[in-house]
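Hi everyone, thanks for coming. I have one structure to walk you through today, so let me put it up on the screen.

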Amino acid sequence: SALLVLLFDLALEPFAFRVKRLWLWLPTTLPLTWQGAPIINFIAWGFITALILLFITPVLIVKKPRSKSGPELHSLCLWLGAVVLCATGCASRGFWAAMIVDTLIGIGAAIFAIRGAMW
């Protein structure tokens, strides 16, 4: 889950920062950035997500058996829709590196989710 949050943030940052101008990143002491977003942003997202999951996961675990009705892919469709929106926005402004990364993130996540649902 923390990896999916990091991947989504990788897709979101170029769209929100460079395409929509929703926020402004100021230069930091670390020279490494992704499409203008400092690397510390992604480290913070990963750390906070892992910390939240550490405490909330025991509450979210299903404690009774579910019926076998087949895989539920609604959340995958929503997640992919958001990533496709980011990729489309980046492509419309000519940010091809971000669009390619967004596309690869979406394809990779879909493959792993569908493969996992079939097990």
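Let's start at Trp79, which is buried, because its relative accessible area is 17% and the cut-off for buried is under 20%. Before I go on, please keep in mind that this is a predicted model. Trp79 has an aromatic partner, Phe8, and with a relative accessible area of 25%, Phe8 is partly exposed.

How many aromatic pairs are there by the rule used here? The count comes to one. In that pair, the ring centres of Phe8 and Trp79 are 6.3 Å apart and the planes meet at 50 degrees, so we call the pair tilted. For a tilted pair the angle has to fall between the stacked range, under 30 degrees, and the edge-to-face range, over 60. What I like here is the connection along the chain: Phe8 belongs to helix H1, residues 2–19, while Trp79 belongs to helix H3, residues 74–92, and the two are 71 residues apart.

Let me step back to the overall layout. The protein has four helices and two strands, and from the N terminus on they run α-β-β-α-α-α. Along the principal axes, the C-alpha atoms fill a box of roughly 50 × 30 × 20 Å. Of the 119 residues, 26% count as buried.

Now for the last helix in my tour, H4, residues 96–117. With 22 residues at 1.5 Å each, helix H4 should span 32 Å, and its end C-alpha atoms are 31 Å apart, which agrees. Which residues of H4 are buried? They are Ala98, Asp102, Ile105, Gly106, Ala109 and Ala110. Those residues sit on the same side of H4, because they cover an arc of only 125 degrees around the axis. Turn to the other side of H4 and you find Leu104, Ile111 and Phe112 exposed.

If you are interested in surfaces, have a look at H2 as well. There is a nonpolar surface patch of about 950 Å², made by Phe47, Ile48, Leu51, Ile52, Leu54, Phe55, Ile56, Val59 and Leu60. Take Ile56 from that group: its place is in helix H2, residues 39–60, and at 34% relative accessibility Ile56 counts as partly exposed.

Next, two backbone details. Arg21 has a phi near 55 degrees, a positive value in a residue other than glycine. Gln35 also has a positive phi, about 55 degrees, although it is not a glycine. Where do they sit, and are they buried or exposed? Arg21 is in the loop between H1 and strand E1, residues 33–34, and at 61% relative accessibility Arg21 counts as exposed. Gln35 lies in the loop between E1 and strand E2, residues 37–38, and at 16% Gln35 counts as buried.

I'll finish with two side chains that bench people may want to find on the screen. Cys77 is in helix H3 and is exposed, with a relative accessible area of 54%. From Cys77 to Leu26 it is 51 residues in sequence and 33 Å in space, C-alpha to C-alpha. Lys68 is in the loop between H2 and H3, and Lys68 is exposed, with a relative accessible area of 86%. Lys68 and Ala50 are 18 residues apart in sequence, and their C-alpha atoms are 29 Å apart in space.

That's my tour; over to you for questions.

Key. Residues are numbered from 1 along each chain as its sequence is written. This is a predicted model: local features need pLDDT of at least 70, side-chain atom pairs count only at pLDDT 80 or more; totals for chains, interfaces and linings use all residues. Side-chain values use heavy atoms; hydrogens and water are left out. Patches are made of residues with over 30% relative accessible area and no salt bridge: like charges are joined within 9 Å, nonpolar side chains (Val, Leu, Ile, Met, Phe, Trp, Tyr) within 5 Å. Accessible areas come from the Shrake-Rupley method with a 1.4 Å probe; for residues, only the protein chains shown count as cover. A salt bridge is a side-chain nitrogen of Lys or Arg within 4 Å of a carboxyl oxygen of Asp or Glu. Buried means under 20% relative accessible area, exposed over 50%, partly exposed in between (1.4 Å probe, protein chains only). Rings of Phe, Tyr and Trp (its six-membered ring) pair if their centres lie within 6.5 Å; planes under 30 degrees apart count as stacked, over 60 as edge-to-face and the rest as tilted. The expected span of a helix is 1.5 Å times one less than its number of residues. The arc is that of the directions from the helix axis to the C-beta atoms.
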